[in-house]
Every structure is written in structure tokens, then in C-alpha cells.
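Open your viewer and get ready to click through some charged side chains. We will go stop by stop.

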Amino acid sequence: MSQQSASHHDHQPGQGHHQDHQPGQGHQHGHGHGPHDSTHLDWNELAPTLERQAELAGPAYTEAAAWLGTLAPVSGVRRVLDVGSGPGVVTALLAEAFPLAETVAVDGAPELLARALRHAGARGLGGRVSTLHAELPEGIAGLGRADLIWAGNSLHHLGDQRAALAEFAGLLNPGGLMVLVEGGLPTRHLPWHIGIGRPGLEARLDAVHADWFGEMRAGLPDSKDEPDDWRALLAGAGLTPSGTRTFLTDVPAPVAPVVRDLAVMHYERLREGVGTRLDADDLATLDRLLDPADALSLHRRPDLFHLTARTVHTARKG
């Protein structure tokens with residue numbers, strides 16, 4: 001599979017992203033998406049959206065990176081791998097948090113790796129950020145040794161998560177830190193009662209999305225039916241769990257235009273990816289939310305917000 005950019009997206013089971021994981025978007029990157037045939041995706045077209053998604057979650061990821069600095073002494077971290085880096089927004093945050101390290105953006109989409117380099121250069125990090133083009137899981141062995149491996153919403157795009165974690169663990173130097181961003185809470189954009197259709201639309205969308213996510217996982221090469229017990233999976237890879245925390249992104253109403261635009265794109269991808277799974281009433285509601293001429297649409301609503309949580313699991317080698 002083309003495990004590309006998974007990371008900093010929003011893909012999430014139950015979410016998503018992370019993040020939000022969207023059907024119809026193809027994934028892999030950093031910071032949200034969908035089914036895995038990424039060969040047909042136009043990453044140059046998708047990249048600005050991925051960047052905005054990651055930047056929206058930037059404060060949460062910055063807080064997470066600072067926490068990692070308390071688990072892995074900054075002076076000892078000399079090489080960081082951002083697996084499924086996408087356009088490199090989180091790569092740059094990791095480089096800033098670990099100033100003595102070479103930070104490597106790893107992705108399967110060359111267009112996104114080029115953006116990662118440009119983003120790093122714009123932040124004055126060009127000398128310390130590099131890129132590796134790799135398809136996972138096949139390319140894990142070629143990533144080289146590391147003191148910290150960040151896999152943000154990317155492991156769940158690999159059919160055999162246990163085997164992939166064991167390979168990642170093998171790349172860590174003694175004392176190195178494995179970091180998984182997996183799970184959290186579904187993203188919320190709307191109140192329970194939105195004045196259109198039956199209340200509770202987002203919860204029903206979550207349920208439909210969860211079914212899609214399960215089918216996506218089952219269809220991956222070498223897919224294994226593995227419970228999401230991340231501590232147990234990390235321990236099974238020979239690592240010592242060293243803490244789990246959840247980081248919140250909270251953008252209350254009224255939102256800036258960029259946040260509104262991201263919400264519209266989120267719902268457009270849901271409409272495309274799981275619309276056929278919705279009942280007629282919810283589909284009609286979704287169409288009204290996406291109609292710019294409707295006074296209650298996402299384009300006009302004053303009650304639109306963005307609220308999500310990403311969970312970060314860590315484990316140490318040795």
C-alpha cells in the first residue's frame with residue numbers, strides 16, 4: 001500500500017484524523033483521508049488542505065512535541081523520523097522541539113515531500129530537515145536508525161500493525177522513543193440540534209464512518225484483525241510504554257474563514273465517500289449543509305466550530 005502521507009491528517013476510526021480519515025480522500029499524510037489507492041490522487045491539489053488541517057492542529061502538536069521533550073532528553077535526540085509526514089507541518093514542529101536532531105519527513109508522495117522541504121526552509125529549518133520517499137510497510141527497513149519515530153495517524157493504514165511496530169522498534173537506538181498518534185475523539189463541527197433534519201447528525205455520521213473504516217482496514221494488504229490496545233502493541237514490539245496523553249484542538253464559534261472552509265471540505269468528502277450509506281433524511285440534511293445558498297448551510301452558520309482530540313501513545317526502547 002502506499003502508506004504515504006498518513007500522518008498528520010485527521011483520520012480516525014471513530015473520528016479521524018484525524019482526522020478525520022476520510023473516505024474518498026485517500027490518505028496518508030499527515031494531518032486525514034480515505035481509501036488507499038493514492039496513486040490516483042492529485043497531491044498538489046490536496047496539499048494546501050492538508051497543510052491547513054495540520055496548521056489548525058498546530059498548537060496541539062506543539063504541546064505534544066514539548067511533552068515528548070520531557071520523555072526523551074532533547075540533547076540525546078539526534079535523528080527523528082516523521083512517518084507519513086504529508087506536507088511537513090508537523091515535521092517542522094518536531095525539528096523545532098528537538099534542535100540538535102536531523103528530522104526526516106517520510107512519505108510516499110514526492111509532491112508532499114517537496115512541500116515539506118519548502119515549509120522547513122520558510123521556518124529557517126532547511127539545514128536540519130530532510131526527506132525520504134518510502135512506501136510502507138515495504139520501505140520501513142530502509143529508513144535508518146532513529147532516536148525518535150513519530151507515526152501520526154499512519155499506522156492504521158498498514159494491514160499488519162503489529163509487524164510494522166516491531167520493524168519500527170528495530171530502528172530505534174537504545175533509549176529511543178516510539179510515538180503513535182492514534183485515536184482520540186471524533187471531530188465535532190456542529191451542535192446536536194442544527195435546525196435541519198433529526199438532531200444528532202454527527203453521531204450518525206460517526207457510525208457510518210466507523211463501518212467504512214473497518215472495511216478499509218479489512219481490505220489492506222496483510223490485514224490483521226488487531227484490537228486497538230496501543231500499549232499492548234507497543235509492549236509486544238519489545239518497547240516499554242512511557243505514557244499516553246490526549247491533546248485538544250478547540251476553535252469555538254465564530255470561526256475564521258479558513259476553519260469554515262475546512263469544515264465544508266470535511267463534509268464534502270463525507271458526502272462523496274459515505275453518502276450512499278445514509279438514510280434519505282440525513283442525506284437531505286447533508287445536502288442542505290453543503291448548499292451555499294441555504295441560510296443554514298456550513299457556508300453561513302454562525303454556530304460552526306471545530307473541536308477534536310488526538311491521543312499520543314509513547315514507548316521507550318530499553
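Is R162 buried, exposed or partly exposed? Select R162: with a relative accessible area of 39%, R162 is partly exposed (buried is under 20%, exposed over 50%, partly exposed in between, using a 1.4 Å probe and protein chains only). A note before moving on: this is a predicted model, where local features need pLDDT of at least 70 and side-chain atom pairs count only at pLDDT 80 or more, while totals for chains, interfaces and linings use all residues. Residues are numbered from 1 along each chain as its sequence is written, and side-chain values use heavy atoms, leaving out hydrogens and water.

Now add E226, which forms a salt bridge with R162, the closest N and O atoms being 2.9 Å apart. A salt bridge here is a side-chain nitrogen of Lys or Arg within 4 Å of a carboxyl oxygen of Asp or Glu. The structure holds 15 of these salt bridges.

Next, select D206 and R188, whose side chains meet in a salt bridge at 2.6 Å, N to O. D206 is buried at 14% relative accessibility, and R188 is partly exposed at 24%.

Move on to D279 and R198, another salt bridge, with closest N and O atoms 3.2 Å apart. D279 is partly exposed at 36%, as is R198 at 41%. Add R204 and D282 to see a network of salt bridges linking them with R198 and D279.

Finish at D82, which is buried yet has no salt bridge. R123, the nearest side chain of opposite charge (Lys and Arg count as positive, Asp and Glu as negative; His and the chain ends are not counted), is 12 Å away from D82.
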